[in-house]
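Got your viewer open? Load the model and follow along, one selection at a time.

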Amino acid sequence: MQDYPLNLKSGVWQPVQVSGDYFQVIEATGVIFLKFNDGAPIRRHVAMGMPVRTYTRCAVMSEADQQVVIALGFTGGASAPLDGRATMTGDINVTMNKPTLRPTMPDVSVPAGDVVQVALDDPDRLSLLVQLPENADGPVRVGDASVGAARGVILYPGDAVSLDGGPAAYVHNPNATAITVALIAERAP
């Protein structure tokens, strides 16, 4: 998209040699008309824009003398019409949610051949990230209380898995040595 400043004369179509699929009226004091590839005129005001069929030329006209700025060109796939004319007078009350919290959690050691609960059930938890350090002796399995040698998500050294929601989380360590996992939780405010 590129801005094109135009000095329009009343009733005179001004051509603009440009290709595109979108337009937006950036500045205008009154109504303007646009034609793409000699098609039917479109009537628009300041702050209005929309996708149109791909064009290789454009013409702009006004019923009164005015200077306008129009953005023309390709958008890279945007497809929603735009109308920025809305105005508001008075107070606006907005409720802002507090940001989510990410409390630091201690690392948890999982003994060789054992299953350990690494996080309690927490209805305020949005997600839990379980990370296995790169220097771990082998993969572990992550899941619910039924996690085991053939059950749960396999987590390889250096990787992490995100568990959505607040149910309790468990880690099964099938290796011959204890492994430590790192945890981070995202909690609702």
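**Stop one: a loop residue**

Start by selecting Ala47, which sits in the loop between S5 and strand S6 (48-55). Keep in mind as you look around that this is a predicted model. Check the backbone torsions here: the phi of Ala47 is near 75°, a positive value in a residue other than glycine. That is worth a pause, because most residues other than glycine have a negative phi. Is Ala47 buried or exposed? Its relative accessibility is 17%, so Ala47 counts as buried, the cut-off being under 20%.

**Stop two: back along the chain**

Now select Asn37, in the loop between strand S4 (32-36) and strand S5 (42-44). Here too phi is positive in a residue other than glycine, and for Asn37 the value is near 50°. Turn on the surface and you'll find Asn37 partly exposed, with a relative accessible area of 30%. That label fits because the partly exposed class lies between 20% and 50%.

**Stop three: a four-stranded sheet**

Next, pick out the strands S10, S17, S12 and S15, and show them as a cartoon. They make an open sheet in the order S10-S17-S12-S15, and the pairing is antiparallel. Which strands lie at the edges? Those are strand S10 (108-110) and strand S15 (160-164), each of which pairs on one side only. Look across the sheet and you can follow the twist, which averages 25° from one strand to the next.

Zoom in on the middle of that order. Strand S12 (residues 125-131) and strand S17 (residues 179-187) run antiparallel, and six bridges join them. For a handy landmark, select Leu129: it stands opposite Ile184 in S17.

**Last stop: the whole chain**

Zoom out and colour by secondary structure. How many helices and strands does the chain have? There are zero helices and 17 strands. The radius of gyration is 30 Å, well over the 16 Å that the globule rule gives for 189 residues, so the chain is more spread out than a compact globule. If you draw a box along the principal axes, the C-alpha atoms fill roughly 85 × 40 × 25 Å.

Switch to a surface view of everything. The chain exposes about 11,200 Å², with carbon and sulfur atoms supplying 52% of it. Of its 189 residues, 36% count as buried. To finish, bring up a contact map: among contacts with a separation of 6 or more, 75% come from residues 24 or more positions apart.

Notes: Residues numbered from 1 in each chain as written. Predicted model: local features only at pLDDT ≥ 70, side-chain atom pairs only at ≥ 80, totals over all residues. Heavy atoms only, no water. Pairing = 2+ DSSP bridges. Helix = DSSP H or I, 4+ residues; strand = E, 2+ residues; numbered from the N terminus. Axes fitted to C-alpha atoms, helices over the stretch in contact; angles between N-to-C directions. Buried < 20%, exposed > 50% of the residue type's maximum accessible area, 1.4 Å probe, protein only. Rg over C-alpha atoms; globule rule 2.2 N^0.38 Å. Contact = heavy atoms within 4.5 Å. Areas by Shrake-Rupley, 256 points an atom, 1.4 Å probe, with all protein chains shown as cover.
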